[in-house]
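Colleague: Could you take me through one part of this model in detail? I'd like to see its surroundings too.

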Amino acid sequence: MRFEEREAGLLAPYAFPSVASAGRRHPEPSHSYRGPFQRDRDRIVHSAAFRRLAHKTQVFTGSWGDYHRSRLTHSLEVASVARTLARTLRLNEDLVEALALLHDIGHPPFGHAGEHTLNECLAEHGGFNHNAHALRLAEVLETRYPEFPGLNLSSEVLEGQCTRATKGAANPLRPLLEAQIVDAADSVTYDTHDADDALELGLLQLGELLELPVWREAAQRVRTRWTALDDQELRRAVLHELIDWQVGHLVAECRQRIAAHGVTSHEEVRQAPLIVAPGAELAEPKAELERFLYRRVYRHPRVLRMRARAQASLREMFDGFRERPEWLPPRFQARLTEWGLERTVADYLAGMTDRYARRAYLRQFAGQD
Ligand code: MG
């Protein structure tokens with residue numbers, strides 16, 4: 001069955017059908033059996049930038065162990081939650097998956113610490129933001145096809161990523177539900193998994209989390225099902241419960257908001273208030289959990305030490321390559337005229353994985369090999 005027929009039978013009226021796509025910047029013939037967003041998803045998965053997420057920091061760098069999330073596993077978890085939401089709400093699952101797998105592709109090495117440093121380095125040159133850099137990768141930096149630069153993704157995938165990059169800016173139009181879903185799935189996963197990773201690394205104790213209302217309530221529900229769990233079993237069961245609870249809550253909340261606002265098409269989604277967001281009873285406990293994670297995990301002395309080291313080496317590399325652009329790989333040197341020295345150096349540094357950046361620093365700047 002072709003994707004148009006399959007979607008016609010599956011999608012809700014407020015979903016975005018693939019046949020409505022505005023297409024690609026560089027027109028391409030349609031594929032004989034893959035829909036446009038399925039192709040976008042495949043292009044993202046096969047890109048070099050996506051593979052490099054395996055060795056980029058989510059919150060904790062790879063050298064800390066093998067249990068915790070990398071940017072790659074986080075992106076897969078976001079896609080998993082987002083697809084569940086999309087399928088349940090009968091949205092365009094291919095579009096959702098493409099957006100989820102693309103959403104963090106623009107992260108430089110060392111996560112937000114690296115982003116912060118590159119943004120400072122580019123203060124006079126347009127700044128650096130991981131969401132905007134994802135668009136730059138998708139439109140310029142990935143070179144996979146002879147006919148055009150970038151991945152030539154569908155307009156709706158680029159637009160969904162663009163709404164992330166311009167968040168907070170006055171935009172009269174809402175993102176499609178497919179893009180709203182990915183934002184919500186991102187929040188469901190990092191709130192849960194950052195706590196899990198911090199527990200595993202010993203930065204947090206289970207008892208501290210169980211004092212937070214959202215963890216306490218989830219634990220109470222788990223204990224009504226199993227009465228004699230040890231700490232490890234309780235932790236795993238609570239993590240499952242937290243994800244299941246949030247996803248179930250979002251589905252109910254979305255259905256209620258779609259009905260309340262009378263949304264019956266993707267055009268009406270654009271004009272309606274935000275649909276995919278937790279209701280007040282979950283939003284506040286989630287915000288409290290996020291404040292706790294910020295204080296106790298993202299600002300943990302061990303994390304701050306890692307940040308400081310990473311930022312100093314990235315800053316030194318930025319200054320070093322700026323002084324000696326002849327040290328840049330030839331394909332980056334070839335971009336200097338078009339994009340300027342600072343942006344090109346940042347493009348090179350942002351593409352590095354954590355370990356590549358560490359090695360490059362030791363080799364070229366610390367005189368070690
Ligand atoms: Mg994310």
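Where is the place of Asn 152?

Modeller: Happy to! This is a predicted model, so local features need pLDDT of at least 70 and side-chain atom pairs 80 or more, while totals for chains, interfaces and linings use all residues. Residues are numbered from 1 along each chain as its sequence is written, and side-chain values use heavy atoms, without hydrogens and water.

Asn 152 sits in the loop between H7 and H8 (helices are DSSP runs of H or I, at least four residues, numbered from the N terminus). With a relative accessible area of 5%, Asn 152 is buried (under 20%, using a 1.4 Å probe and protein chains only). Its side chain makes a polar contact, 3.5 Å long, with the backbone nitrogen of Arg 25 (N or O atoms within 3.5 Å, a possible donor with a possible acceptor). Leaving aside residues up to four places away in sequence, Asn 152 touches Arg 24, Arg 25, His 26, Glu 28, Asp 40, Arg 43 and Ala 138 (heavy atoms within 4.5 Å).

The two helices flanking this loop also lead us to H5. Both H7 and H8 (155–165) are among the elements covering the buried residues of H5, as are H2 (36–45), H3, H4 (71–88) and H9 (177–200). Helix H5 spans residues 93–102, and 10 of its 10 residues are buried, so it is largely enclosed by the rest of the structure. The buried residues include Glu 93, Asp 94 and Glu 97 along with Leu 95, Val 96 and Ala 98. At the N-terminal end of H5, Asn 92 acts as a cap, with a side-chain oxygen 3.2 Å from the backbone nitrogen of Asp 94.

Terms used:
Buried means under 20% relative accessible area, exposed over 50%, partly exposed in between (1.4 Å probe, protein chains only). Helices (H or I, at least four residues) and strands (E, at least two) are DSSP runs, numbered from the N terminus.
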